[in-house]
Amino acid sequence: MITKENILASAKNTILSESQSIAKLADFLDENFIEATQRIYNSKGRLVVTGIGKSAIIAQKMVASFNSTGTPSLFLHASEAIHGDLGMIQSEDVIICISKSGNSPEIKVLVPLLKRFGNTLIAITGNIASFLAKGSDIILNTTVDSEACPNNLAPTNSTTAQLVMGDALIVCLMEMRDFKPEDFAVYHPGGALGKKLLLRVKDMLEHSLKPMVPPNASIKEVIFEISEKRLGVTAVVDNNVVIGIITDGDIRRMLNERDTFADLTAVDIMTKNAKITSSDAMVVDALNIMENFSITQLVVVDGGDYKGVLHLHDILKEGIV
């Protein structure tokens, strides 16, 4: 009978089985891993990763991760290689071939063809006595005792081991290249991650309104400026120098405290020493300032010149938070 308890037990057993297989990989690391990493690092060509079946899917993930961390890579499907795709391989490329058994028909056809070009061939395999292993220059052992599959058939532990071995290569190469967040951003310009790492305040100001009033502006003029620019704030500017800001909150507090404001001007109700940022600052850093001071706007100033207002809502629209 299938029960909730059985379902949870099966899931836990799968996770434990895979985690144990991964833990054993550490014992397989040796000079082969060092040599593989150095060959890839010193290569003047690309890294070509190939496989068949589930291993091909793992190869595609590896290629995506290598490319995003500074190692130019290509995916070559083992079955398509003999039908023209071998043409993508160049003389200085390093090749990784992934296969659990290392003895599948496609692999047996492919390995001699790959060796014909004289490229370095790295095997990621769970069978170090296989055809693939014997035909490779370097072997990365991903042997697992069994699959998590109850029939010991569906690739589970084996594909996870392949994936983790690839991640180990990726991280080592990142460290060898001293790969920094700004480098990562170059390869991830889109989405929230890219925006966090690349977007600067000036990029948010290009189409922004620029609310400002002179020090002697009437309160009516101040209210009109705040309402028209719809940023909930206006800068008080004298000769293009920001001397203070007025928020809609300042207006509400003034109205609560006074029955009339006919005799008041902007300089009378403004807040001095406004929190500012520069147009070259990263948006994520500007957001940190807003969070630290519990504010929703920052005045943008470059070299003393007023450039505009950055609003929290604009940052939220970009999906950075």
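F261 is partly exposed, with a relative accessible area of 30%, and this residue offers a convenient way into the structure, which is a predicted model. F261 sits in the loop that runs between helix 12 (248-257) and helix 13 (266-269). Together with I223 and L255, F261 forms a nonpolar patch on the surface, and the accessible area of the three residues together is about 220 Å².

Helix 12 also matters for the description of the largest pocket, whose volume is about 310 Å³. Of the 19 residues that line this pocket, those closest to its centre are I245, T247, I295, T296 and Q297. The elements that give two or more residues to the lining are strand 8 (241-247), helix 12 and strand 10 (297-302), and among the contributors helix 12 gives the most, with 4 residues. In chemical character, the lining of the largest pocket divides into 7 nonpolar, 7 polar and 5 charged residues.

The charged side chains of the model also pair with one another, and the count of salt bridges comes to 11. Three of them are set out in the table below, each with its N to O distance.

| Salt bridge | Distance, N to O |
|---|---|
| E35 and R39 | 2.6 Å |
| D93 and R46 | 2.9 Å |
| D178 and K180 | 2.3 Å |

The pair E35 and R39 belongs to helix 2 (residues 31-42), where the two residues are separated by about one helical turn because they are 4 residues apart. E35 counts as partly exposed at 29% relative accessibility, and R39 is likewise partly exposed, with a relative accessible area of 32%.

The side chains of D93 and R46 also meet in a salt bridge. D93 lies in the loop between helix 4 (78-81) and strand 3 (94-99), while R46 lies in the loop between helix 2 and strand 1 (47-51), so the pair ties together parts that are 47 residues apart in sequence. D93 has a relative accessibility of 2% and therefore counts as buried.

In the salt bridge between D178 and K180, D178 is partly exposed, with a relative accessible area of 48%, and K180 is partly exposed as well, with a relative accessible area of 33%.

Two residues call for a remark on their backbone. N152, although it is not a glycine, has a positive phi of about 55°, and N152 lies in the loop between strand 5 (138-141) and helix 7 (157-176). With a relative accessible area of 41%, N152 is partly exposed. R230 is not a glycine either, and R230 has a positive phi of about 55°. This residue is found in the loop between helix 11 (219-229) and strand 7 (233-238), and because its relative accessibility is 71%, above the 50% cut-off, R230 counts as exposed.

A59 provides a last point of reference. A59 is found in helix 3 (residues 54-68), and at 0% relative accessibility, under the 20% cut-off, A59 counts as buried. From A59 to L264 the separation is 205 residues in sequence, and the two residues are 70 Å apart in space, C-alpha to C-alpha.

Note on methods. Residues numbered from 1 in each chain as written. Predicted model: local features only at pLDDT ≥ 70, side-chain atom pairs only at ≥ 80, totals over all residues. Heavy atoms only, no water. Patch = residues over 30% accessible without salt bridge, like charges linked within 9 Å, V, L, I, M, F, W, Y side chains within 5 Å. Areas by Shrake-Rupley, 256 points an atom, 1.4 Å probe, with all protein chains shown as cover. Salt bridge = Lys/Arg side-chain N within 4 Å of Asp/Glu carboxyl O. Buried < 20%, exposed > 50% of the residue type's maximum accessible area, 1.4 Å probe, protein only. 1 Å grid on protein atoms, 1.4 Å probe; cavity = no way out; pocket = protein on both sides within 12 Å on 5 of 7 lines; lining within 4 Å. Points joined across faces, edges and corners; volume = space filled by probe spheres on them. Nonpolar A, V, L, I, M, F, W, Y, C, P; charged D, E, K, R; others polar.
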